[in-house]
Amino acid sequence: MLVLPKGLRHIPGHLDRAGQEQLVNEIRTVVGQAPLYRPEMPRTGKPLSVRMTNCGDLGWVADKAGYRYQDRHPVTGAPWPPIPDMLLQLWRELSGDSRPPQACLVNFYDDKARMGLHQDRDEQDFSAPVLSVSLGDACLFRVGGTERSQPTRSFRLESGDVVVLGGESRLVFHGVDRIYPTTSTLLRDGGRINLTLRRVSG
Ligand code: SIN
Ligand code: FE2
């Protein structure tokens, strides 16, 4: 049996196919207003393999200067589009927090993209959980403890799955080892979308 750290919830198939299709349409609208771009690693400027954009009052960005939240798209300079109602509803349902999310990071993974083990700790307040939604191709998700040296385990995330990192698991290390190409028909051209909703300022 896979024992997950306390405060970490994996909810397989939380969104049914119709819900996933509706959400993809909402995300297409977001990406139409705030195009995906390729962020860079702090200092080295090495491009990440994942393309990103955001919606909400604040967006998470990465470039040579570092990681931070800002209220504008780094390429277009425009404010981020609003978080779709469907995601606000999902947050109300699952976050256990009465405040609305301030940021929604949109990650797009092609067949080769991955994300190294990291903590989500650029927020000023960790009392609200991070709520993450998977759409499209499956991935191998890895999760460890709150110290990098702690053991990790991995499991598959499928389209429609939701993961909640809250409580004692709010700061656990996590990452995406690999994408499993052609495992979903949701996205016409394949790939995986991950949406993460967060509170930033408390
Ligand atoms: C992230 O940690 O930002 C993304 C996690 C995921 O793609 O499932
Ligand atoms: Fe993360």
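What is the volume of the largest pocket? About 690 Å³, where a pocket is an open set of points on a 1 Å grid over the protein atoms alone, reachable by a 1.4 Å probe, with protein on both sides within 12 Å along at least five of seven lines. Grid points are joined across faces, edges and corners, and the volume is the space filled by probe spheres set on them.

Before you start clicking: this is a predicted model, in which local features need pLDDT of at least 70 and side-chain atom pairs count only at pLDDT 80 or more, while totals for chains, interfaces and linings use all residues. Residues are numbered from 1 along each chain as its sequence is written, chains are lettered from A and ligands numbered from 1 in the order written, and side-chain values use heavy atoms, without hydrogens or water.

**Stop 1: the largest pocket**

Select Leu48, Trp60, Met115, Gly116 and His118; of the 36 residues that line this pocket (an atom within 4 Å of a point), they are the closest to its centre. Next, colour β5, β6, β7 (130–136), β10 (162–165), β11 and β12, each giving two or more residues to the lining; strands here are DSSP runs (E, at least two residues), and helices are runs of H or I of at least four, numbered from the N terminus. The lining divides into 17 nonpolar, 10 polar and 9 charged residues, with Gly counted as polar.

**Stop 2: ligand 1**

Now show ligand 1, which takes up the space of this largest pocket; more than half of its atoms lie within 2 Å of the grid points. Around ligand 1, select Asn107, Tyr109, Met115, His118, Phe141, His174, Val176, Arg192 and Asn194, each with a heavy atom within 4 Å. That shell holds 4 nonpolar, 4 polar and 1 charged residue. β5 (103–109), β6 (115–118), β11 (174–180) and β12 (192–198) each supply at least two of its members.

Turn on distances for the polar contacts (N or O pairs within 3.5 Å). Side-chain polar atoms lie 3.3 Å from a ligand oxygen for Asn107, 3.1 Å for His118 and 3.2 Å for Asn194. Taken alone, ligand 1 exposes 260 Å², and the protein buries 97% of that, by the Shrake-Rupley method with a 1.4 Å probe.

**Stop 3: the second largest pocket**

Finally, move to a pocket of about 250 Å³, the second largest. Select Arg28, Phe108, Leu187, Gly190 and Ile193, the closest to its centre of the 13 lining residues. Both α1 (17–33) and β5 give two or more residues to this lining, and α1 gives the most, with 4. By type, the lining has 8 nonpolar, 1 polar and 4 charged residues.

Notes:
A polar contact is a pair of N or O atoms within 3.5 Å; within protein, one must be able to donate a hydrogen and the other to accept it, and residues adjacent in sequence count only if both atoms are side-chain atoms.
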